[in-house]
Amino acid sequence: MPEHAGAEAGTRRPPCPRLSPARGLAVSPPNRRLPRRAPPSGDLRYVFFLLLFSLPAVSPSPACSAAAAVRFLCNTVIRGLAKRPRLPGALSRSSLIFRRMARAGVSPSGFSFTFLLQACAGGSLGPGSALGIQLHGAAVKNGVLLGDVCARNSLIRFYSSCGAMEEARRVFDEAGAGGIDVVSWNSLIDGCLNNGDVAEEPVSWNSMVTGLVRNGRLDAARCLFDGMTERNLVSWTVMISGYTQSGQPKEALSLFREMQLVHRELNTSAIVSALSAASQMGSLNHGQWIHAYVRRKRVRMEPSLSTAIVGMYANCGSIELAMQLFQGFKPPEKDLSTYTAAIFGLAMNGHGGEALQLFEQMRSEGLEPDRVSYLAVLCGCNHMGWVDRGFYYFHSMVDEDGIAAELDHYACMVDLLGRAGHLKEAPDNVIWRSLLNACRIHGDAELGRRVGEFLIESDRLHDGPYIALSNILVECKNMGSAERVRQTMRSRSIRREPGFSSIEVNGVFHEFAAGDKSHEKTGEIYRKWEEIAGEIRRFGYAAETRGIGFECEEEEKEIIIGYHSEKLAIAFGFIITEDGSPLRIVKNIRICGDCHNAMKLISMVFKRKVVVRDRKRFHHFEVGTCSCMDYW
């Protein structure tokens, strides 16, 4: 008999260890039976030893279900230990389980490295550093870092916690643009800030600010920007662009003003960002001031700059000036984007025919339209209610130019069909919200109810479907159903976006909400509106109260609807501006029917042009008519 076989036959195997929650590992006497106890809940030591002494050998094949189960159990325990770094021996136990996985023939996954690296980052510096470096090598050997961004982020955080920022940057840089995410940027930036690893030269600071801006951490970026000892043009441009792209135009323009005081010569990127901010606000005064700077400093006119100038004037309602400038730009100064901005401007300002003519002119000059250019044309057809032309350009985009239709194109087509009264033709599985708005325009309560109920259940957190359906029901005098829709909205804690209107006077924006009494000229504003309302009543104005969604006297309804935000803005404009000068209002939601009727009469009675930019489009009120032709 072989020696090892005899030894095995003549020796008793020691009893399996049992774990006592109070005393740790203990060996039970062989002849003594211990009372059965329920396994302790939440005791990581118990789980650790249970897993350690019961880990079976499994097939290393990826398809082996036993290997997957063991891997999951090990990762779970490692993760639990990583979350409790102050537990004595947590890091060594995590490492032991990781090694036992390999001995059992179970290859570690990305989660294994992620959780263990977290344990290294949170554990003691000496052992954790050594183990983390070994894990980095193992991760590279196993190819984990090639496709697992979570493991890479954990490695960046590990090196940052050890103060090894050079290694953290190397791991970050090796990933490339496709291998990093928001967490990657945050981990690197936080590591640099915590370790004071920001060089004094502006290039290093600019990289940090850029990373914070890209990840939407504008407050942190501004704090870092304000703390810079030296700022160059790039520093200012990144911060201004960040504010503009995140929808904070006031902050962008304020910072642009500061930049001009520091730098006598501004770069094109900063100017384009500032023009975009003025465009977002509808601030013609700011936009004109920036354009004047461009002319005064003879800034080289590049396509990006000409596009921003045309877009700014168009989005501020000065479409005539926008087109005048567009025609003055020579071919090297404008490109496809400039044409698209002009087409969009014409479409949004109610000049659909001219938008289509410009599109055809663009094609005749050899510029191939892209998906954005076609979207601009479809918007022009939409606002004019041209169904046949809309379908012509839609099919031209798909069939002739081979451009795949995207969600915005379908939304525009559904909106076009709905607005033109072709409700049954709109595909009921593409853009329901546009169809719901069409039901409101045409008073189709039954179809509106079905579409609205579908939207409320499929898009439960968006306030738009609730409000649109409630308004449809109110206008059809179905008050009970409208109240139930509002009760559902309240029960789901969904708040309606408050409406407000703003008017710019001498470079200062004055903002009003419905029934607003916070302005310093409140008394004068309300008296002026009563004066305006009294005058237009003589020409047929009567408050349209169908949209009031609760029962009250007609007189009370007129009071409620009589002080909408755009009416207060108009009244303030009458007070503060010269007679006959145009009034420009920016409203964050759709203008209501009553205010729309009032604006038409105001433009006729007082012989003043009124321009209102709401969420959907521009309304140019002149001599009693609107550019939307009452089609919005």
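## A loop residue to start with

Does Asn-506 count as buried or exposed? With a relative accessibility of 75%, Asn-506 counts as exposed, because the cut-off for that label is over 50%. You will find Asn-506 in the loop that runs between strand S3 (500–505) and S4. Its backbone is worth a look too: the phi of Asn-506 is near 55 degrees, a positive value in a residue other than glycine. Most residues other than glycine have a negative phi.

Met-629 makes a good companion to look up. Its phi is also positive, near 55 degrees, and Met-629 is likewise a residue other than glycine. Met-629 sits in the segment after strand S8 (625–626).

## The chain as a whole

Please keep in mind that this is a predicted model. The pLDDT averages 79 over the protein chain, and 79% of the residues score at least 70. Residues 1–32 have a pLDDT below 50, and this stretch has 23 contacts in the model beyond near neighbours in sequence. Residues 549–556 also fall below 50, with 9 contacts in the model beyond near neighbours in sequence.

The protein chain holds 30 helices and 8 strands. It has 632 residues, of which 48% count as buried. Among contacts between residues at least 6 apart in sequence, 60% join residues at least 24 apart. The chain exposes about 32,100 Å², and carbon and sulfur atoms supply 53% of that area.

## Annotated repeats

The unreviewed UniProt entry carries the annotation "repeat: PPR" for residues 148–182, 201–235 and 335–369. In the model, the span 335–369 is 74% helix and 0% strand, and its end C-alpha atoms lie 11 Å apart.

## Two helices to compare with the ruler

Helix H12 covers residues 233–245. Its 13 residues should span 18 Å at 1.5 Å a residue, and its end C-alpha atoms are 18 Å apart, so the expected and modelled spans agree. At the start of H12, a side-chain oxygen of Asn-232 comes to within 3.2 Å of the backbone nitrogen of Val-234. H12 is mostly covered, with 10 of its 13 residues buried; among them are Trp-236, Val-238, Met-239, Ile-240 and Tyr-243. After the helix comes Gly-247, with a positive phi near 75 degrees.

Helix H14 (residues 268–281) has 14 residues and reaches 20 Å from its first C-alpha to its last, close to the 20 Å expected at 1.5 Å a residue. H14 is mostly covered as well: 11 of its 14 residues are buried. The buried residues include Ile-271, Val-272, Leu-275 and Met-281, along with alanines such as Ala-270 and Ala-274. Just after H14, Gly-282 takes a positive phi of about 70 degrees.

## A buried histidine in a loop

Our last stop is His-519, in the loop between strand S4 (508–513) and helix H27 (522–537). Why does His-519 count as buried? Its relative accessibility is 16%, and buried means under 20%, so His-519 meets the cut-off.

Which residues does His-519 touch? Not counting residues up to four places away in sequence, its contacts are His-510, Phe-512, Ile-525 and Phe-572. With His-510 there is also a polar contact of 3.2 Å between the two side chains.

Notes
Residues numbered from 1 in each chain as written. Predicted model: local features only at pLDDT ≥ 70, side-chain atom pairs only at ≥ 80, totals over all residues. Heavy atoms only, no water. UniProt positions renumbered as here; feature names shortened; annotations may be inferred. Helix = DSSP H or I, 4+ residues; strand = E, 2+ residues; numbered from the N terminus. Expected span 1.5 Å × (residues − 1). Buried < 20%, exposed > 50% of the residue type's maximum accessible area, 1.4 Å probe, protein only. Polar contact = N/O pair within 3.5 Å; in protein donor to acceptor, adjacent residues only side chain to side chain. Contact = heavy atoms within 4.5 Å. Areas by Shrake-Rupley, 256 points an atom, 1.4 Å probe, with all protein chains shown as cover. pLDDT = per-residue confidence, 0-100.
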